[in-house]
There are 2 protein chains.
Amino acid sequence: MASEKNKQSDNQSKVYLEVVGRIKEIIDENQMAPGDKLPSERELTDILDAGRSSVREALRALELLGLIETRRGEGTFISDFRNHRLVEILSGFILQNEKAKKDVVKTRQLLEEICIYTLMNQSKKIDTSFWEAKESIDDGKFFAMLMGETDNYLLAKIWRIISNFEHSLNLPKIEVAKEHYLQLLKDINIGNVKIALKFYEEEIRKNVDFT
Amino acid sequence: MASEKNKQSDNQSKVYLEVVGRIKEIIDENQMAPGDKLPSERELTDILDAGRSSVREALRALELLGLIETRRGEGTFISDFRNHRLVEILSGFILQNEKAKKDVVKTRQLLEEICIYTLMNQSKKIDTSFWEAKESIDDGKFFAMLMGETDNYLLAKIWRIISNFEHSLNLPKIEVAKEHYLQLLKDINIGNVKIALKFYEEEIRKNVDFT
DNA sequence: ATCATTAAGTGGTCTGACCACGTAAATCCA
DNA sequence: TGGATTTACGTGGTCAGACCACTTAATGAT
């Protein structure tokens, strides 16, 4: 009787779960789409009447699920969440086998190659000036951009999720000179698939070799 | 300059992600199984040299993933990975629109292209006799085989899950002539990536168009 | 105009303080 | 003694406040 009285919406005893639900509502009601910015953590804290730590627990969970992405100093944004179960598999999977690590890396690289392939199929030209201006190039950010250039958001999303998990595995980071990334962009813009992919494999990923 | 090694400073990896990784290590090293109890939050805070809030962010994320289970007053326990109630959370979050269905199909096809691409990169030769002997070819079984031919377990598993999920959506089934599948195999064995992928897109998946 | 500086906003993290709950030890009482 | 009760402690749950690091926009100086 009157069991619905407890909280506003539903069951959830834990605040962070409640917040997860409320965030979903916010997204729905405002018809928010991937890329849109969510209210800041402090705003949510106020709106949802919860502690910031609880809000963060919810956001972090959603982030690991690949539903949102956060950029320090900028905010929290909705990402493409249509892959759902992907994460489930990956998680249960990754925490078991050893070979899984290798597969994660390999799969990510495959996605990146497909990305390159896709871009060239679209005859996509990429603006290099932004990256030329940089001192050094972060591998993750670079390919995140590349993924974004394709009109296949699913590809980008899968890549991001896998990348995210890979990150949590504490694998050795790769170091690639800025010039190599720029060369890759150049190859892509020129439009020679074979050269671009070969360059990716041999220069960008040459030093990936972990046990 | 002056970018000392204060705490965990520079590398953009977030503490909570690192904690996720460390927890995984703990589980691995101690050969922990579902049902086993993890160190308490405060212990982890001490062991991992991180704030309790960060530890909790990691734990909450893992909890939402269904990897761990927490019981107030008792502790945190490794949960059976098979308990994926995660799907409900995500589906509630996402499966609202019809477009999601389309995305599932797109994703699967993308994975299949990646598969083909991978096989050819491995210069994998596929035995066609088994399929030639058949009267008709089941699309699912065919690509299940292809996935199995790659040595990337993760890729295969992702595809399998998505494929299963797609089945549950009762989408119209595609009908492709046996000869087309055989032709694809032939293209793969020959080793021309462009032709094989083009053939896949235009012949194997040409008739995929649902609303 | 251009560049450097400042300020404000945002996520990232840590700490300390409580509360709610469960358990086991200590205690009490018949 | 033996069972029931109380107590103390450990654990997760939550909150508030304080900084830090980074981004962006407003501001100021040249």
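Of the atoms of DNA strand C within 4 Å of the protein, what percentage belong to sugar or phosphate? The share is 62%, and the rest belong to bases. This is a predicted model. Its protein surface near DNA strand C is described first, then its salt bridges, which number 22 over all chains. A last group of points covers A:Lys206.

**Surface near DNA strand C**

- There are 25 residues around DNA strand C. Those that come nearest are A:Glu41, A:Arg52, B:Val15, B:Ser53 and B:Ser54.
- By residue class, this surface holds 13 charged residues, ten polar ones and two nonpolar ones.
- The side chain of A:Thr76 places an N or O atom 3.1 Å from a phosphate oxygen of DNA strand C.
- B:Val15 uses its backbone instead: an N or O atom there is 2.5 Å from a phosphate oxygen of the strand.
- B:Gly51 also uses a backbone N or O atom, at 2.9 Å from a phosphate oxygen of DNA strand C.
- Several elements give two or more residues to this surface. In chain A they are helix 2 (41-47), helix 3, strand 1 (68-71) and strand 2 (75-78). In chain B the element is helix 3.

**A salt bridge between chains**

- B:Glu57 and A:Arg56 meet through their side chains in a salt bridge, 2.7 Å from N to O.
- B:Glu57 sits in helix 3 (residues 52-65) of chain B and A:Arg56 in helix 3 (residues 52-65) of chain A, so this pair joins two chains.
- B:Glu57 has 6% relative accessibility, so the residue counts as buried; the cut-off for buried is under 20%.
- A:Arg56 is partly exposed, at a relative accessible area of 24%.

**Salt bridges within chain A**

- A:Arg22 and A:Glu25 form a side-chain salt bridge of 3.9 Å, N to O.
- Both residues belong to helix 1 (residues 15-29) of chain A. They are three residues apart, so about one helical turn separates them.
- A:Arg22 is partly exposed, with a relative accessible area of 23%. A:Glu25 is partly exposed too, at 31%.
- A:Arg71 pairs with A:Glu69 in another salt bridge, with 3.4 Å between the closest N and O atoms.
- At 34% relative accessibility, A:Arg71 counts as partly exposed. Its partner A:Glu69 is also partly exposed, with a relative accessible area of 24%.

**A salt-bridge network**

- A network of salt bridges links residues of chains A and B.
- From chain A, the network includes A:Lys14 and A:Glu57.
- From chain B, the network includes B:Glu41, B:Arg52, B:Arg56, B:Arg60 and B:Glu63.

**A:Lys206**

- Where does A:Lys206 lie? It is in the segment after helix 10 (193-204) of chain A.
- Is A:Lys206 buried or exposed? It counts as exposed because its relative accessibility is 52%, and the cut-off for exposed is over 50%.
- Leaving aside neighbours within four places in sequence, A:Lys206 is in contact with A:His180 and A:Glu201.
- A:Lys206 and A:Val176 are 30 residues apart in sequence. In space, their C-alpha atoms are 9.5 Å apart.

Technical notes. Residues are numbered from 1 along each chain as its sequence is written. Chains are lettered from A and ligands numbered from 1 in the order in which they are written. This is a predicted model: local features need pLDDT of at least 70, side-chain atom pairs count only at pLDDT 80 or more; totals for chains, interfaces and linings use all residues. Side-chain values use heavy atoms; hydrogens and water are left out. Helices (H or I, at least four residues) and strands (E, at least two) are DSSP runs, numbered from the N terminus. Buried means under 20% relative accessible area, exposed over 50%, partly exposed in between (1.4 Å probe, protein chains only). Contact means heavy atoms within 4.5 Å. A salt bridge is a side-chain nitrogen of Lys or Arg within 4 Å of a carboxyl oxygen of Asp or Glu. A residue is near a molecule or strand if one of its heavy atoms lies within 4 Å of it. A polar contact is a pair of N or O atoms within 3.5 Å; within protein, one must be able to donate a hydrogen and the other to accept it, and residues adjacent in sequence count only if both atoms are side-chain atoms. Ala, Val, Leu, Ile, Met, Phe, Trp, Tyr, Cys and Pro count as nonpolar, Asp, Glu, Lys and Arg as charged, and the others, Gly among them, as polar.
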